[in-house]
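Got the model open in your viewer? Follow along stop by stop, and select each residue as it comes up.

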Amino acid sequence: MTQESSWRVTRRALLSRMLGAMALGLAGWRGLIRSAWAGPEGPGGRDTNSLIVRVARPLDAETPVREFASWLTPNGRFFIRSHFGPPPEEQIDPAAWRLRVNGLVERQLTLSLDELKQFPEVTVTAVLQCSGNGRAFFRPRVPGVQWERGAVGNARWTGIRLADVLARAGVQAAGRHVQLQGADRPVATTIPLFIRSIPIEKALHADTLLAYRMNGAPLPLLHGAPLRVIAPGWMADACLKWLTTITVSADEAKGYYMETAYRYPARPVEPGTTPNPRDMRPVEEMVVKSLIVEPAQGAIVGLGPVMIRGVAWTGEDRRIARVEVSMDDGTTWQPARLTGKDLPYAWRSWQVIWQPKGAGPAEILCRATDDRGATQPMASPWNPSGFLWNGVDRVRVEVRKA
Ligand SMILES: Nc1nc2c(c(=O)[nH]1)N[C@H]1C(S)=C(S)[C@@H](COP(=O)(O)O)O[C@H]1N2
Ligand SMILES: [Mo]
């Protein structure tokens, strides 16, 4: 796709979103404005105002970081992101729904949900994170949903192995990529479909799932019911929702969402510049990252010992090795204690006790380092779409005498 036509696509997508927001009427606008004013920990969204709405329609909403005090993020409070919104319910009626497997395979398959559930069931606890999580922190600013800290969550995903389904179909030697398509559709036929592909190695990985349960409950509609891909350790744009078709192919999928969107410069670029499309690579693995969950942004804390808690996570085949906090804007760092479960793909809890030196404003920073030595920078490398933000996390508090 040429630069010019990709711009036109972006403009059309923006326009359709604006029209969607207008169709919501006054109540929708008020919700939008309220959530914008309330800031990162403010109200807004479904389920007793538990989410922060970034785009009202189709709904893009992030989880307030305080919810991450729970190691598993509850389904009703899990961030929501989609380009076009969920498909009409009748299209994904579990009885009529079928998964099709075609392309470079020995046998084409059409499988019902009941048939899929005959494969061995697997559960993986994994962080799901939008590639644009933290986009709002890039300078210069970049267009797109202005996610702050909560377009991420940790959940137990239950389903079957994508590898088992591919083995039943028989992947031909020329099959190098697995293209994924869902039942969701844009408002206009001129807008490209959300089609993604993952390399065959990731598709055949024993932990890559077709999931139909989330935290033990049936996968909710907004999270991709009846079936979604979970590619643990990879960014969520690989985790296709409302899956209907798997096509084994020799090449990466074509189209806007693979060729233009979700790409990241292979080498650092000057902020504000447009890299050569040839130097762009698909966004895949997650980068090491951490969040301060407690105290909350803007909290008032006492002069006594303050418990700081958070979570940290990293990419595929990596573990969190340490988390540190700083009270002097990154000059000195003090180690935190890793606590709780240590599982691949899940996030790791951590905590540290801080003794404030005096009353007044203070800023807590945290940074994680993984077992391959990757650590969080003060600010992430700028890139035109604002992907993979993993700058140190920051929480400002006010210390008061009791
Ligand atoms: N079919 C489909 N799958 C999709 C998307 C989409 O628009 N359509 N969005 C992707 C993106 S960009 C993200 S961040 C995750 C969000 O998953 P969640 O809403 O369950 O948190 O779904 C991914 N899967
Ligand atoms: Mo995303």
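**Stop 1: the ligand**

Start by selecting ligand 1: 19 residues surround it, the closest being Phe79, Asp184, His223, Arg228 and Lys241. (A residue counts as near a molecule if one of its heavy atoms lies within 4 Å of it.)

Before going on, some housekeeping: this is a predicted model, in which local features need pLDDT of at least 70 and side-chain atom pairs count only at pLDDT 80 or more, while totals for chains, interfaces and linings use all residues. Residues are numbered from 1 along each chain as its sequence is written, chains are lettered from A and ligands numbered from 1 in the order in which they are written, and side-chain values use heavy atoms, with hydrogens and water left out.

Now show Asp184 as sticks. One of its polar side-chain atoms lies 2.7 Å from a nitrogen atom of ligand 1. Next, add Arg228, where a side-chain N or O atom is 2.7 Å from an oxygen atom of ligand 1. At His83, look at the backbone instead: an N or O atom there lies 2.9 Å from a ligand oxygen. How much of ligand 1 does the protein bury? Taken alone, the ligand exposes 540 Å², and 100% of that is buried by the protein. (Accessible areas come from the Shrake-Rupley method with a 1.4 Å probe; for residues, only the protein chains shown count as cover.)

Where does ligand 1 sit? It sits in the largest cavity. A cavity here is a set of points, on a 1 Å grid over the protein atoms alone, where a 1.4 Å probe fits but cannot get out; a molecule sits in one if more than half of its atoms lie within 2 Å of its grid points.

**Stop 2: zoom out**

Colour the protein chain by secondary structure and you get 7 helices and 23 strands. (These are DSSP runs numbered from the N terminus: helices are H or I with at least four residues, strands are E with at least two.) Of the chain's 402 residues, 53% count as buried, meaning under 20% relative accessible area; exposed is over 50%, and partly exposed lies in between (1.4 Å probe, protein chains only). Switch on the surface: the chain exposes about 17800 Å², with carbon and sulfur atoms supplying 54% of it.

Among contacts with a separation of 6 or more, 70% join residues 24 or more positions apart. (Contact means heavy atoms within 4.5 Å.)

**Stop 3: two buried residues**

Select Thr125, in strand β5 (residues 122–129). Thr125 counts as buried because its relative accessibility is 10%. Leaving aside residues up to four places away in sequence, its contacts include Trp71, Asn154, Arg156 and Tyr345.

Then go to Phe387, in the loop between β22 (360–370) and β23 (393–400). Buried or exposed? At 5% relative accessibility, Phe387 counts as buried. Beyond its sequence neighbours up to four places away, Phe387 touches residues including Arg135, Phe138, Tyr262 and Val283. Try a distance label from Phe387 to Val142: they are 245 residues apart along the chain, with 9.7 Å between their C-alpha atoms.

**Stop 4: the backbone oddities**

Most residues other than glycine have a negative phi, and most peptide bonds are trans. Here are some exceptions.

- Pro58 is in the loop between β1 (52–55) and β2 (60–62); the peptide bond from Arg57 to Pro58 is cis, with omega near -10°.
- Pro140 is in the loop between β5 and β6 (152–161); the bond from Arg139 to Pro140 is cis too, with omega near -5°.
- Asp317, in the loop between β17 (306–313) and β18 (320–326), has a positive phi near 55°. Asp317 is exposed, at 55% relative accessible area.
- Asp329, in the loop between β18 and β19 (334–335), has a positive phi of about 55°. Asp329 is partly exposed, at 45%.

**Last stop: Arg161 and Glu270**

Arg161 lies in strand β6 and is partly exposed, with a relative accessible area of 27%. Outside four places in sequence, Arg161 touches Val122, Ala206, Thr208 and Leu209.

Finish at Glu270, in the loop between β13 (263–265) and β14 (280–282). Glu270 is exposed, at 58%. Its C-alpha atom is 8.4 Å from that of Asn383, a residue 113 positions away along the chain.

Key: Polar contact = N/O pair within 3.5 Å; in protein donor to acceptor, adjacent residues only side chain to side chain. 1 Å grid on protein atoms, 1.4 Å probe; cavity = no way out; pocket = protein on both sides within 12 Å on 5 of 7 lines; lining within 4 Å.
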